Amino acid sequence: MSILEVANASFNYERHSEKIFEDINFTVGKGEIFCLLGPNGCGKSTLLDSILGINHLNEGGIRIMGKDTRTLKAGQIARYIAYVPQSHERTFPYRVIDIVKMGRAVYTGRFSSPSAEDKEIAKEALDLVGLRHLRHRPYTQLSGGEGQLVMIARALAQKTPVIVMDEPTAHLDFKHEMVVMETIVRLVKTANLTVVMATHFPNHTFYLENNGIKTTVALMYKKHFLEVGSPTQVLNEHNMRTLYNVNTKLMTCPLDISTELKQLVPVSTLNGLNEEERNADV
Amino acid sequence: MRKRIIYILLIIAPLLCVFATLFVGRYPLSLPLVIKTLWSQIALVNYNIPDMYQTLVWDIRMPRAILGAMVGGCLAVSGAAFQGLFRNPLVSSGILGVSSGAGFGAALAIILFQGNTSAVYIFAFVFALLAVLLSYLIGRVYNTTPTITLVLGGVVVSSIFSALISFAKYVADPYQQLPTIVFWLMGSLATARYHDILVAGIPMGIGVAGLIAIRWRINVLSMGDREAHSLGINLAVDKGIVIICASLATAGAVCVSGIIGWVGLVIPHICRMIVGNDNRVLIPASLSVGACFLVLVDNVGRIITGSEMPLGILTALIGGPFFVWLLKKTKGGGW
């Protein structure tokens, strides 16, 4: 059963201006991960914004659990989809628990505050990402990786079937990149969540696939989907060259008896720059 | 438990400050005398208190202290709300042009109506709200109100009204009107009467009540537009409520007191150091600390000089060192 369904979606910011993306079609089922892969500026984040209801499509439609998002208000969409931002600008030193409690905003009246029950839900969400012990710390003092886990906890506190993540491992160190990926895998498996995420790391999709999660990758290229399929199907040397203008080698080695570890290793860029950057230089 | 103690302190402190005001000034009064004077009016008992004391306590010091508490509280609470809304700790209650708008309105009334008090209040209030409305309309490019264009709108409107204030000063009669304008712009509570408190109290009361009611939402709004939207917030409505309430409170305060700087910027920060950044506590704390601060500063002003020292000068002179001391003491409180 599909949870999220995007059909013939196209979007441009102003009338008659250039399309940011067009003819986008995909569906995501329960407990699945859908990964958007593509160079900077290909429209990944704009597509995610459309799913979140921040942008409104010019053509086509998005259905979340059968409901057309155009007919839903922010307060209704937020009951289906939670959001983990790419980089969160931390302005005020709120305590970690207070940040996570904000995930309960959609269930809290305009003129009231989260209840004791909401606080428990927030604590449980922090348990799920393993940060309960930090709950009284100002979140401005956390590391980048911990901060990202707090954002994930906030999304979990929102209790939605779908979580949209925009490059959840951007700017993280070697270990925390792994911690965040492991957390995503654990949440999808245990809570049967559906995740839609934009990423710059093709190998992360292999990682998800290796962990037994149904993973679909969409290669986004020049406003369209170049190819959609499982990581094994679509991540190959040819597509990497088209998408990024990068020569890669697909390496495999046995991880244990049953699974094989796949990795795309970049070797060199094609002509130094890709086509768009060459055009920009002229 | 600790929370309850803090809330009780926040309620009692401004009342104590107002009470303390009744004793100090050019004619210091003793405790029994003040209490007798108060009681004689409340219980309508005749203690043969001279009329002068009655007037001093009931008609001069009391309204002034109450108005000071209201103005200080309003400025601080709107400053805290705007800082959260605009995700910017350097924002104050005047960010959307309220103060400059009010200043121009007052200057205009001083010139047109020879300083008729009611006219000054009304003009200051109307122009304060007009300035906010203009800032908001400028901020509404693309039919939405991104934070940065709102702030820019406020900056533009403020500078336009500042220019208009200068123009008003330029054309004003230099012996009668100009000093009045200048003193008004420096802020004062000297003209406070019960009537002013009642009238200006309406917008102040509505604004403060609204901000207290919506205070937790300000936390969510301070996450930024994208995140607040995805957390399920109706941005237009919630931002609108915060802007309207904070503007009503500030405009109500400024129109009776003139421009009092510093309170709307720094009192919220003092409170952030003491109670933290959660607006559920920060908003009530700012209201209370702002009220205490302005009443105390006004008292200092009345004690140290025989004549009226403008409030705007003292708030910064007294508040500045206090802020630095607190910064050292709390090590910035998480900043």
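**View 1. The contact between chain B and chain A in the predicted model.** In this predicted model, the place where the two chains meet is built from 24 residues of chain B together with 24 residues of chain A. On the side of chain B that touches chain A, helices α9 (215–221) and α10 (225–230) of chain B each contribute at least two residues. Sorted by chemical character, the residues on this side of chain B comprise eight nonpolar, nine polar and seven charged ones.

**View 2. The two domains of chain A and the contact between them.** The domain assignment divides chain A into domain 1, which covers 2–80 + 160–234, and domain 2, which covers 91–157. Taken over C-alpha atoms, the centres of domain 1 and domain 2 of chain A are separated by 24 Å. Where these domains touch, 13 residues come from domain 1 of chain A and nine residues from domain 2 of chain A. Within the side belonging to domain 1, helix α6 (residues 174–191) of chain A gives the most, namely five residues, and the residues of that side as a whole divide into seven nonpolar, four polar and two charged.

**View 3. The surroundings of B:Leu129.** This residue, B:Leu129, belongs to helix α5 (residues 117–139) of chain B. B:Leu129 counts as buried because 23 C-beta neighbours lie inside 10 Å, and a residue needs 20 or more to be described in that way. Leaving aside residues up to four places away in sequence, B:Leu129 touches B:Ser247 and B:Ala251. B:Ile303, by contrast, is 174 residues apart from B:Leu129 along the chain, and the C-alpha atoms of these two residues are separated by 35 Å.

Technical notes:
Residues numbered from 1 in each chain as written. Chains lettered and ligands numbered in written order. Predicted model: local features only at pLDDT ≥ 70, side-chain atom pairs only at ≥ 80, totals over all residues. Helix = DSSP H or I, 4+ residues; strand = E, 2+ residues; numbered from the N terminus. Buried ≥ 20, exposed ≤ 12 C-beta atoms within 10 Å, placed from the backbone. Contact = placed C-beta atoms within 7 Å. Nonpolar A, V, L, I, M, F, W, Y, C, P; charged D, E, K, R; others polar. Domains from an automatic or database assignment.
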